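Let's take a walk through this one together. Have the coordinates open and turn them as you read.

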Amino acid sequence: MEAEHDDVDEAERGRMASLATTLGRGVRRGGERARAGVYAVADRIIANAPRIPVRDLEALREQFPGLGPEELADKLVAGAAGGTATVGAGVGAAAMLPTPPAMPTELAAEIVGVAAIEFKLIAELHEVYGVRAPGTVRQRAIAYLGCWAEERGIDVAQPASVNAALGVQMKRELRQQVLKRSFRNMPVLTPFMVGAAVGAAMNRRDTKKLARKVRKDLRAEQVPWDLPLPLEG
């Protein structure tokens, strides 16, 4: 009987070991797929940045006549916060459906959508405060994307950070910044369970928080409107 019992225990241990191995492989495969998806989202944000239309100071002043720098900045922040709130509401509402759509796709769409809105906001705030990044459209996009990722205004004292070409190493570092910024409030994808109202409120709050940080930095470098903008490199 003892020998038979030992055989059963050994068989059970074998089955448990096999199950653990199978689960481990599944987790690893799932983790690899998740990382690949995350990198794809970050790369899409990086690729999209130079294509996002940014209004220069002249266009902004024509669209919002009679406003000073702070009033104009307030308008831009309000518009961007409304935009990201709309994105958050759409995803939050989708998550509350009896049979939600493919949530990884919804998550990616929200992150890319919010990133585009906030990137445009940051670029136009630099215009409002007269602190346009030097260089070509692509170089400025890289600089502003770095500002978005790090939640800060551009450091005009370090032109190398905005004039560098988007090489492999720089792209890798920027990707890591984008990942950290994009997923800062999504450790376990909980926004999918909050519904439209809370999803909108979360995005609105975060966009306004980002704008406060960036505006604080830009005020320290602000160029009055009666002075010319920095020349492009």
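Start with Arg55, which counts as partly exposed because its relative accessible area is 24%. This is a predicted model, so everything that follows describes what the predictor built. The side chain of Arg55 meets that of Glu124 in a salt bridge, with N and O 2.8 Å apart. The two partners come from distant parts of the chain: Arg55 sits in the loop between H1 and H2, Glu124 in helix H4, and 69 residues separate them.

Now look at the other end of that pair. Is Glu124 buried or exposed? Glu124 is buried, because its relative accessible area is just 2%, under the 20% cut-off. Helix H4, where Glu124 is placed, runs over residues 103-128. Setting aside residues up to four places away in sequence, Glu124 touches Pro53, Val54, Arg55, Leu60 and Leu76. So here is a pair with one buried acid and one partly exposed base. In general, side chains of opposite charge can pair when their charged atoms come close.

How many salt bridges are there? The count comes to nine. Another one is between Arg219 and Glu70, whose closest N and O atoms are 3.0 Å apart. That pair also links distant parts of the chain, with Arg219 in helix H8 and Glu70 in helix H3, 149 residues apart. Arg219 is partly exposed because its relative accessibility is 40%, and Glu70 is partly exposed too, at 30%.

Glu127 and Arg132 make a salt bridge as well, at 2.7 Å from N to O. Glu127 counts as buried because its relative accessibility is 4%, and Arg132 is buried at 15%. Going back to Glu70 and Arg219, these two belong to a network in which salt bridges with shared partners join Glu70, Asp74, Arg215 and Arg219.

From charges, move on to the nonpolar side chains. The largest nonpolar core has 43 residues, and those with the most contacts inside it are Ile45, Leu125, Val128, Leu145, Trp148 and Val178. The elements that give two or more residues to this core are helix H1 (2-48), helix H2 (57-63), helix H3 (69-95), H4, helix H5 (137-150), helix H7 (168-182) and helix H8 (195-221). Which of them gives the most? That is H4, with ten residues. In soluble globular proteins, nonpolar side chains tend to be buried together.

Two of those core residues are worth a stop. Leu125, leaving aside its neighbours within four places in sequence, is in contact with Ala73, Leu76, Val214, Arg215 and Leu218. Among these, Arg215 is also a member of the salt-bridge network, and Leu76 turns up among the contacts of Glu124 too. Ile45 is the other stop: it is placed in helix H1, and it counts as buried because its relative accessibility is 5%. The C-alpha atoms of Ile45 and Leu145 are separated by 8.8 Å, although these positions lie 100 residues apart along the chain.

Leu145 brings you to H5. This helix has 14 residues and reaches 20 Å from its first C-alpha to its last, close to the 20 Å expected at 1.5 Å a residue. Ten of the 14 residues are buried, so H5 is largely enclosed by the rest of the structure. The buried set is Arg140, Ala141, Ile142, Ala143, Tyr144, Leu145, Gly146, Cys147, Trp148 and Ala149. What happens just after H5? There, Glu151 takes a positive phi of about 55°, although Glu151 is not a glycine. Glu151 lies in the loop between H5 and H6 and is buried because its relative accessible area is 17%.

Finally, a word on how far to trust all this. The mean pLDDT of the protein is 75, and 59% of its residues reach 70 or more. Confidence is highest in H2, at a mean of 94, and lowest in helix H6 (residues 160-163), at 50. Over residues 187-193 pLDDT stays under 50, and the model has eleven contacts beyond four places in sequence for that stretch. Where pLDDT is low, the predicted coordinates should not be read in detail.

Technical notes:
Residues numbered from 1 in each chain as written. Predicted model: local features only at pLDDT ≥ 70, side-chain atom pairs only at ≥ 80, totals over all residues. Heavy atoms only, no water. Helix = DSSP H or I, 4+ residues; strand = E, 2+ residues; numbered from the N terminus. Buried < 20%, exposed > 50% of the residue type's maximum accessible area, 1.4 Å probe, protein only. Contact = heavy atoms within 4.5 Å. Core = buried A, V, L, I, M, F, W, Y, C linked by side-chain atoms within 4.5 Å. pLDDT = per-residue confidence, 0-100. Salt bridge = Lys/Arg side-chain N within 4 Å of Asp/Glu carboxyl O. Expected span 1.5 Å × (residues − 1).
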